[in-house]
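Biologist: I've got a model open and I'd like to learn how to read it feature by feature. Can you walk me through it?

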Amino acid sequence: MFQHDTIQVFLYALITAIATGFGAIPFAFIKKITPKVMGISNAIAAGLMVGATFMLIMEGANENFLKTIVGMAIGLVFILGIEVLLDKFEHKHDDSPSFLVNKHGFFKNFKKAIIIIIVMTAHSAAEGIGLGTSFGGNLKFGLMMTIAIAIHNIPEGLAISASLVAKGVSWWKAALWSIFTSLPQPIFAVPAYLFISYFKQYLPVGLGFAAGAMLWVVFSDIVPESQENLDEKKSATIISLAIIVMLLFQYLLD
Ligand SMILES: [Zn+2]
């Protein structure tokens, strides 16, 4: 039974990773998207991610609000720690795989590749921990988070694929790269799930942890990326609307 559950969590988290690849599908039909569309898709990804963190916080607060807040603080320290470590290796990094992939879709700079993979992993791992922890709480909430993260991953995959396709990478290789960036989701969901299954009392801490780390990623990576290509007011409006849509979605499913 127990193993069966674990495999199920892995598969659900794998589905969210595969959803990232859906973002590449438009490029089977079109050559490129405008910077504006890129800004919009990043804004949607940011808003949906904030919405998902609200869901995590609400779920955690149902159990224990203070433990959730403590978890958020730990999540923030965790992600900051990774950033500080990375800055020691390289001051300026970009989290798009387009900087490390040549037009054939292969690595061109190994050291840089490792750094970018760690940055992407930190982002995706936070979501994976959120998924695994949610399943550790209850199946229904886990499924809700699966859908939430999967939907968030599609515009994220679109933005990743846009930068790859612009370099001449084919759409299906861009799809595989997009899925690759989200593979930490199933990889981190399983230990998070197992941990919470053993130590139920840490459920709100785990939910808060994922929320804290995810919020930081939104504001450090996704929002600035959106506002690089899109007017700040428009970007903020789309982000806010996406948050509302995500919460409405939770209300309707609940
Ligand atoms: Zn994400």
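Modeller: Sure. Let's begin with the metal site, and with what counts as a donor: an N, O or S atom within 2.8 Å of the metal. Keep in mind that this is a predicted model.

Biologist: Then how are the donor residues of the zinc ion spaced in sequence?

Modeller: The spacing reads H-x3-E-x24-H-x3-E. In space, the zinc ion is coordinated by His123 and His152 through NE2, by Glu127 through OE, and by Glu156 through OE, listed twice, at 2.0 to 2.8 Å. The two histidines link distant parts of the chain: His123 sits in helix H3 (residues 110–137) and His152 in helix H4 (residues 139–166), 29 residues apart.

Biologist: Are His123 and His152 buried or exposed?

Modeller: Both are buried.

Biologist: Let me zoom out. How many helices and strands does the protein have?

Modeller: There are 8 helices and 0 strands, so from the N terminus on, the elements run α-α-α-α-α-α-α-α. For the overall packing, look at burial and at contact range. Buried residues make up 52% of the 254 in the protein. Among contacts between residues at least 6 apart in sequence, 84% join residues at least 24 apart.

Biologist: How do I check a single helix, say H6?

Modeller: Set its reach against the expected rise per residue. H6 has 15 residues and spans 22 Å from its first C-alpha to its last, close to the 21 Å expected at 1.5 Å a residue. Then see which side chains are covered: in H6 the buried residues are Pro184, Gln185, Pro186, Ala189, Val190, Ala192, Tyr193 and Ile196.

Biologist: Why does Tyr193 count as buried?

Modeller: Because its relative accessible area is 8%, and the cut-off for buried is under 20%.

Biologist: And what is Tyr193 in contact with, leaving aside its neighbours within four places in sequence?

Modeller: Its contacts are Asp5, Thr6, Val9, Gly132, Thr133, Phe135 and Gly136. Take Gly132: the C-alpha atoms of Tyr193 and Gly132 are 4.2 Å apart, although 61 residues separate the two in sequence.

Biologist: Phe195 is in H6 too. Why is Phe195 called partly exposed?

Modeller: Because its relative accessible area is 42%, and partly exposed covers values between the 20% and 50% cut-offs. From Phe195 to Gly136, 59 residues away along the chain, the C-alpha separation is 8.1 Å.

Biologist: What about nonpolar side chains on the surface?

Modeller: Look for a group of them that forms a patch. Here Ile18, Phe22, Ile25, Phe29, Ile30, Ile154, Trp171, Trp172 and Leu176 form a nonpolar patch, with about 900 Å² of accessible area together. Helices H1 (2–22) and H5 (171–182) each supply at least two of its residues, and the largest share, 3 residues, comes from H5. Phe22, found in H1, is partly exposed at 44% relative accessibility.

Biologist: How does that patch sit against the surface as a whole?

Modeller: The protein's accessible surface comes to about 12200 Å², and 72% of that belongs to carbon and sulfur atoms.

Biologist: One last case. Where does Phe54 lie, and which residues does Phe54 touch beyond four places away in sequence?

Modeller: Phe54 lies in helix H2 (residues 35–89) and touches Ile243 and Leu247. With a relative accessible area of 34%, Phe54 is partly exposed. Leu215 is 161 residues from Phe54 in sequence, with 9.5 Å between their C-alpha atoms.

Definitions and conventions:
Residues numbered from 1 in each chain as written. Predicted model: local features only at pLDDT ≥ 70, side-chain atom pairs only at ≥ 80, totals over all residues. Heavy atoms only, no water. Donors = N, O, S within 2.8 Å, 3.2 Å for Na, K, Ca; no water. Helix = DSSP H or I, 4+ residues; strand = E, 2+ residues; numbered from the N terminus. Buried < 20%, exposed > 50% of the residue type's maximum accessible area, 1.4 Å probe, protein only. Contact = heavy atoms within 4.5 Å. Expected span 1.5 Å × (residues − 1). Patch = residues over 30% accessible without salt bridge, like charges linked within 9 Å, V, L, I, M, F, W, Y side chains within 5 Å. Areas by Shrake-Rupley, 256 points an atom, 1.4 Å probe, with all protein chains shown as cover. Salt bridge = Lys/Arg side-chain N within 4 Å of Asp/Glu carboxyl O.
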